[in-house]
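Trainee: I would like to go through this model and ask, term by term, what justifies each label that is put on it.
Mentor: Then let us have the structure in view before we begin.

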Amino acid sequence: MDLIEVEGGAPLSGHVRVSGAKNAALPIMACTLLTAGETRLRNVPRVSDVVTFSQVLRALGAEIHADVDDLVINTAHIDQYEAPPGLVKTMRASFLVLGPLLARIGQARVSLPGGDAIGARPVNLHLEGLRTLGARLQLEQGSVSAQADRLCGSTVTFPISTVTGTEHLMMAATLAIGTTLLENAACEPEVVALAEALNRMGARITGAGTSCIAIEGVSELTPAVHEIIPDRIEAGTFLVAGAMTGGDVTVDRCTPDHLLSFLHCLCAAGAQVDVGEDWVRVRGVERAKPIEVTTAPYPAFPTDMQAQMMALLAQADGRSLIVETVFENRLMHVAELCRMGAEISIDGGQATVVGVPRLHGAPVVATDLRAGASLILAGLAAKGITTVARVFHLDRGYERIETKFAALGGKIRRVA
Ligand code: EPU
């Protein structure tokens, strides 16, 4: 397995362009199942989760090929209704094929994805929502078997905000009879991007980006061309790198509006932030100020930036508090940061971070995607050499992360 080796100390500077958002690309790939024909996706990130999702779609009968920088998905012949359990287990997002398969061919079988390193992550709200739309669901040997002659519009009220739950129901409802209302829907930019993609295909969705989404069912959808939105989490990761190495980094081709609560925290921590129409520039200070950060659904501070922000605060001048409210077990990076000299204690979902003047390099292990990113950031700022193991977690969601950091002046390389 590959390692990433980082020699810390060099201030990062220059421009970096973000890739398309993984968490926008995956549901849009799933929604191609709702139509029979050729969909073209632009700005798809070259990350392993996209490769895995392509394998799931191929197993269902889709033909997929890369055309220069585009991904072309032909769903004319969807002749399988069972997603391969081995693939679904490796990537939770592949559960999103259930609703579209059900809406298009009336049946589907997908294994329950199970928990992962950041929490139990049940899919009960996806299943309850599909039942409300009239799906008949059965749990057999760890898989959900679903059937429906045609789904029927209804009102689904989510007790808590769920991003992929909202996306799943939105997709399933596009071909239902009548209108579906999703109440307490997630407002994340990726939900809006999916609604826009579905509307380009002929769906009638209004309210995406608010907590109430209305979907008026239509009888069919037609293929379209979609541009994947920039990855706000990748953008944030590079901005933290600029800030915590005392550097000067400009992230190009991003959507600053999607980053507001994160940018607010970055400023509060003392970084100098300038924002343009599609770029953000950050200049770091000698030592960050301590702050309090609480993760919550959009537009609040994203849980997917919590680990990276913690790496920055680990070297701040004082005591910071980080409260993780979205996932119950998303503080696995704390132990690894402590191996690098960080002083962090955990109480339930809260981490108290007492900044130290300088982290030091150490061999560490990425426990999930964002934990891995935080360790690379810590390594870029630390004294000495850090090796990050289990790099496959990073490859799931960051496109060539070490190449992009190296282009900003980071001393970083992948070791086979
Ligand atoms: N939840 C339930 N039941 C459900 C669904 C969710 O209890 O049926 C709970 C979860 O366990 C969690 C909370 O609701 O405690 C919110 O989870 P949500 O459903 O919003 O998360 P998700 O849709 O599974 C997506 C992203 C995650 C990101 C979260 C939160 C994708 C493919 N994944 O997950 O991305 O952290 O929203 O913003 O969009 C990542 O990219 O590193 C990542 C983990």
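Mentor: A residue is counted as near the ligand if one of its heavy atoms lies within 4 Å of it, and the model we are reading is a predicted one. With that cut-off, 21 residues surround the ligand, the closest being Asn124, Thr162, Thr164, Asp304 and Val326.

Trainee: Which helix gives the most to the shell around the ligand?

Mentor: Helix 5 does, with three residues; at least two residues of the shell come from each of helix 1 (22-31), helix 5 (124-132), helix 6 (163-173) and helix 12 (369-381). In terms of domains, the shell draws at least three residues from each of domain 1 (3-19 + 230-415) and domain 2 (22-227), and by residue class it divides into nine nonpolar, seven polar and five charged.

Trainee: What makes the approach of threonine 162 to the ligand a polar contact?

Mentor: The cut-off for a pair of N or O atoms is 3.5 Å, and an N or O atom in the side chain of threonine 162 is 2.7 Å from an oxygen atom of the ligand, so the pair qualifies as a polar contact. The same reasoning can be applied to leucine 125, where a polar backbone atom is 2.8 Å from a ligand oxygen, and to arginine 121, where a polar side-chain atom lies 3.0 Å from an oxygen atom of the ligand. As for cover, the ligand taken alone exposes 830 Å², and the protein buries 87% of that.

Trainee: Why is serine 19 called buried?

Mentor: Buried requires a relative accessible area under 20%, and serine 19 has 7% relative accessibility, so serine 19 counts as buried. Serine 19 is found in the loop between strand 2 (13-17) and helix 1, and its side chain makes polar contacts with the side chains of lysine 404, at 2.8 Å, and glutamate 399, at 3.4 Å.

Trainee: How do you know whether valine 68 and glutamine 141 are buried or exposed?

Mentor: Exposed means over 50%; valine 68 has a relative accessible area of 74% and is therefore exposed, and glutamine 141, at 79%, therefore counts as exposed too. Valine 68 sits in the loop between strand 4 (63-67) and strand 5 (70-74), with a positive phi near 50° although the residue is not glycine. Glutamine 141 sits in the loop between strand 7 (136-140) and strand 8 (143-147), and its phi is likewise positive, at about 50°.

Trainee: Why is threonine 90 called partly exposed?

Mentor: Threonine 90, found in helix 3 (residues 85-90), has a relative accessible area of 47%, a value that falls between the 20% and 50% limits and therefore earns the label partly exposed.

Trainee: How many disulfides are there, and why?

Mentor: The count comes to zero. A disulfide needs two cysteine sulfur atoms within 2.5 Å, and the sulfur of cysteine 187 is 10 Å from the closest cysteine sulfur, in cysteine 212, which is too far for a bond. For cysteine 267 the closest cysteine sulfur is in cysteine 265, at 9.3 Å, again too far. Cysteine 187 is buried, at 18% relative accessible area, whereas cysteine 267 is partly exposed, at 38%.

Notes: Residues numbered from 1 in each chain as written. Predicted model: local features only at pLDDT ≥ 70, side-chain atom pairs only at ≥ 80, totals over all residues. Heavy atoms only, no water. Buried < 20%, exposed > 50% of the residue type's maximum accessible area, 1.4 Å probe, protein only. Polar contact = N/O pair within 3.5 Å; in protein donor to acceptor, adjacent residues only side chain to side chain. Areas by Shrake-Rupley, 256 points an atom, 1.4 Å probe, with all protein chains shown as cover. Helix = DSSP H or I, 4+ residues; strand = E, 2+ residues; numbered from the N terminus. Nonpolar A, V, L, I, M, F, W, Y, C, P; charged D, E, K, R; others polar. Domains from an automatic or database assignment.
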